[in-house]
Amino acid sequence: MTTRTAEEIASEAIAKLNKRITNEVFLIIQKDRDLMHDYLRAVETQGLDTVNQTIGKRVKASYNLTNDGTENDPSCTLITTHTTFK
């Protein structure tokens with residue numbers, strides 16, 4: 001068995017997080033009373049698709065990520081799918 005370097009371990013962990021980062025951001029919103037209140041107000045005025053797509057794009061830009069695929073079973077109840085990143 002080959003021993004992996006710290007850099008390889010970190011890279012693999014980061015890659016795994018990148019695949020679910022959008023779900024994690026939405027979970028933070030869902031679990032935070034103030035953020036959830038503001039999210040619902042934004043959905044009310046801007047529409048669900050616009051709000052969710054804007055949040056997803058902001059996640060992508062904030063972490064300088066590229067699209068990798070789609071997650072069709074996120075654990076967050078605010079979204080039904082989300083883009084995964086690499």
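# Exercises on a pocket and two helices

The lining of the largest pocket is made up of five nonpolar, 10 polar and three charged residues. (Nonpolar covers Ala, Val, Leu, Ile, Met, Phe, Trp, Tyr, Cys and Pro; charged covers Asp, Glu, Lys and Arg; the others, Gly among them, are polar.) The model is predicted, so local features need pLDDT of at least 70 and side-chain atom pairs pLDDT 80 or more, while totals for chains, interfaces and linings use all residues. Numbering runs from 1 along each chain as its sequence is written, and side-chain values use heavy atoms, with hydrogens and water left out.

## Exercise 1: the pocket

Find the volume of the largest pocket, the residues nearest its centre and the element that gives the most to its lining.

**Solution.**

- Step 1. The volume of the largest pocket comes to about 390 Å³. On a 1 Å grid over the protein atoms alone, a pocket is an open set of points where a 1.4 Å probe fits, with protein on both sides within 12 Å along at least five of seven lines; lining residues have an atom within 4 Å of a point. Points are joined across faces, edges and corners, and the volume is the space filled by probe spheres set on them.
- Step 2. Of the 18 residues that line the largest pocket, N52, Q53, T81, H82 and T83 lie nearest its centre.
- Step 3. Two or more lining residues come from each of α1 (6–31), α3 (48–62), β1 (67–71) and β2 (82–85). Helices (H or I, at least four residues) and strands (E, at least two) are DSSP runs, numbered from the N terminus.
- Step 4. With seven residues, α3 gives the most to this lining.

## Exercise 2: helix α2

Check the length of α2, then decide which of its residues are buried and which are exposed.

**Solution.**

- Step 1. Helix α2 holds 14 residues (33–46), and at 1.5 Å a residue they should span 20 Å; the end C-alpha atoms are 20 Å apart, so the two agree. The expected span is 1.5 Å times one less than the number of residues.
- Step 2. M36, Y39 and A42 are the buried residues to mark in α2. Buried means under 20% relative accessible area, exposed over 50%, and partly exposed in between (1.4 Å probe, protein chains only).
- Step 3. Looking down the axis of α2, you find its buried residues within an arc of 125°, so they line one face of the helix. The arc is that of the directions from the helix axis to the C-beta atoms. An α-helix has 3.6 residues a turn, so residues three or four places apart point the same way.
- Step 4. R33, D34, E44 and T45 are exposed on the other side of α2. For T45, the relative accessibility is 64%.
- Step 5. The partners of the buried residues of α2 are α1 and α3.

## Exercise 3: helix α3 and the residue after it

Repeat the analysis for α3, and describe the backbone of N64.

**Solution.**

- Step 1. The 15 residues of α3 should span 21 Å at 1.5 Å a residue, and its end C-alpha atoms agree, at 21 Å apart.
- Step 2. V51, N52, I55, G56 and V59 are buried in α3. Down the helix axis these buried residues fall within an arc of 130°, so they line one face of α3.
- Step 3. What covers the buried residues of α3 includes α1, α2 and β2.
- Step 4. D49, K57, R58 and A61 are exposed on the other side of α3.
- Step 5. Just after α3, the phi of N64 is positive, about 55°, although N64 is not a glycine. Most residues other than glycine have a negative phi. N64 sits in the loop between α3 and β1 and is exposed, with 70% relative accessible area.

## Exercise 4: P74, N18 and R20

Place P74, N18 and R20 in the fold, and list the contacts of P74 and N18.

**Solution.**

- Step 1. The loop between β1 and β2 holds P74, which is buried at 14% relative accessibility. Apart from neighbours within four places in sequence, P74 is in contact (heavy atoms within 4.5 Å) with N23, I79, T80, T81 and H82.
- Step 2. N18 belongs to helix α1 and is buried, with a relative accessible area of 14%. Again leaving aside neighbours within four places in sequence, N18 is in contact with L65, T84, F85 and K86.
- Step 3. R20 also lies in helix α1, but R20 is partly exposed, at 45% relative accessible area. Its C-alpha atom is 8.2 Å from that of P74, 54 residues apart along the chain.
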